[in-house]
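Me: Could you zoom in on one part of this model and talk me through how it sits among everything else? I'd like the cut-offs spelled out as you go.

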Amino acid sequence: MGTSASSKGNRGGNPLVPEWADDQPGVPLPPADPQRYRSFRSSFGSYLAGGGGKANLERSLGKFARKATGGVKVGPRRLGRVVSAGGSLVSALNDIAQGRDIAGLDASRYVGQPIDTFSQALSELVTGDHPDSDWVNAAIQEAIEVVLDFEGAFDPENLTDDNIFSILSEFVSQSIFQLIVSEAGNSWKYSGDIENTIKCEGEILDLTREHVEQSLSDQVTEKGRNFEAGAVQDFIRTAAKDVWQEWESYDD
């Protein structure tokens, strides 16, 4: 996953947040530090060269959140396409679970088909066409396949409320993971071998999952579940801010 993640992220607008990816379009951004990646990539390279480890990873993610992406007030704005796709994804899954029709997708055609066949069709429907399409599409497919069992067959009965929310959590985690992997750039060369790369990718994704799941769980406890697109988008925004805030504390 890590070294092949797709990033087309700095086309147009402020280099911190491209205009087409901004979750707060029109809100002024601070000037981008031309050296913003230096400390993150240096720290991340040391993390990889050292064979991983939570303490070294947290140190790197602190620099990712605070410096490379501009901090909690800026970094989460880079997830604008994730926010919009996530709202559409959960809304569509809930409609399928309730037996409602979805424009552009006949879910009944996929009943009994491999999960990846269904996940690909749905991801293409909700992702749209933009420079982050590959990244968001991959995160949606991974989320559906992880939660609904990649080796199983698609059955709308498995789209329980718990599973839909688990897909949301996994989608947000996969999306943030993809951003980290991409922003690490050439630091991946310090990994040494594929086994270490896979191990470190697993550590990054697991820690990301931990913090995303905690935020979403707290939000559901406070507000309850809501599968409407607008409410889901707010869940994602809050989760991203919570993750950035947690990771910024590692760079204190």
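Reply: **Helix 2 and its surroundings**

At 1.5 Å a residue, the 15 residues of helix 2 ought to span 21 Å, and the end C-alpha atoms are 19 Å apart, which agrees. The expected span here is 1.5 Å times one less than the number of residues. Helices are DSSP runs of H or I with at least four residues, strands are runs of E with at least two, and both are numbered from the N terminus.

Some ground rules before going on. This is a predicted model, so local features need pLDDT of at least 70 and side-chain atom pairs count only at pLDDT 80 or more, while totals for chains, interfaces and linings use all residues. Residues are numbered from 1 along each chain as its sequence is written, and side-chain values use heavy atoms, with hydrogens and water left out.

Back to helix 2. Its buried residues are Leu57, Glu58, Ser60, Leu61, Gly62, Lys63, Phe64, Ala65 and Ala68. Buried means under 20% relative accessible area, exposed means over 50%, and partly exposed lies in between, with a 1.4 Å probe and protein chains only. Those buried residues pack against helix 1 (38-49), helix 6, helix 7 (194-223) and helix 8; a contact here is heavy atoms within 4.5 Å. After helix 2 comes Gly70, whose phi is positive, near 90 degrees.

Now for the rings. The structure holds 11 aromatic pairs. Rings of Phe, Tyr and Trp (its six-membered ring) pair if their centres lie within 6.5 Å; planes under 30 degrees apart are stacked, over 60 edge-to-face, and the rest tilted. Phe64 and Trp244 make a tilted pair, 5.7 Å centre to centre with 45 degrees between the planes. Phe64 sits in helix 2 (residues 54-68) and Trp244 in helix 8 (residues 229-248), so this pair ties together parts that are 180 residues apart in sequence. Both Phe64 and Trp244 are buried.

Another pair also reaches helix 8. The ring centres of Phe165 and Phe235 are 5.4 Å apart and their planes lie at 85 degrees, so the pair is edge-to-face. Phe165 belongs to helix 6 (residues 161-183) and Phe235 to helix 8, so here the parts tied together are 70 residues apart in sequence. Phe165 is buried at 7% relative accessible area, and Phe235 is buried at 3%.

Phe64 and Trp244 also belong to a wider group: ring pairs link Phe40, Phe44, Tyr47, Phe64, Trp188, Trp244 and Trp247 into a cluster.

What about the partner, helix 8? Its 20 residues should span 28 Å at 1.5 Å a residue, and the end C-alpha atoms are 29 Å apart, which agrees. Buried in helix 8 are Val232, Phe235, Ile236, Ala239, Ala240, Val243, Trp244, Trp247 and Glu248. The cover over these buried residues includes helix 2, helix 3, helix 6 and helix 7.

Helix 3 is one of those covers. With 18 residues (80-97), helix 3 should span 26 Å at 1.5 Å a residue, and its end C-alpha atoms are 26 Å apart, which agrees. Helix 3 is itself mostly covered, with 13 of its 18 residues buried, and Gly99, with a positive phi near 80 degrees, follows helix 3.

Helix 6 touches helix 2 as well, so to speak of its residues: Ser175 lies in helix 6 and counts as buried at 1% relative accessibility. Leaving aside neighbours within four places in sequence, Ser175 is in contact with Val82, Trp135 and Ala139. Gln178 is in helix 6 too, and is buried at 10% relative accessible area.

Zooming out, the protein chain has 8 helices and 0 strands. The radius of gyration is 18 Å, close to the 18 Å that the globule rule gives for 252 residues, so the chain is as compact as a globular protein of that length. That radius is taken over C-alpha atoms, and the rule is 2.2 Å times the number of residues to the power 0.38. Buried residues make up 50% of the 252 residues. Among contacts between residues at least 6 apart in sequence, 75% join residues at least 24 apart.
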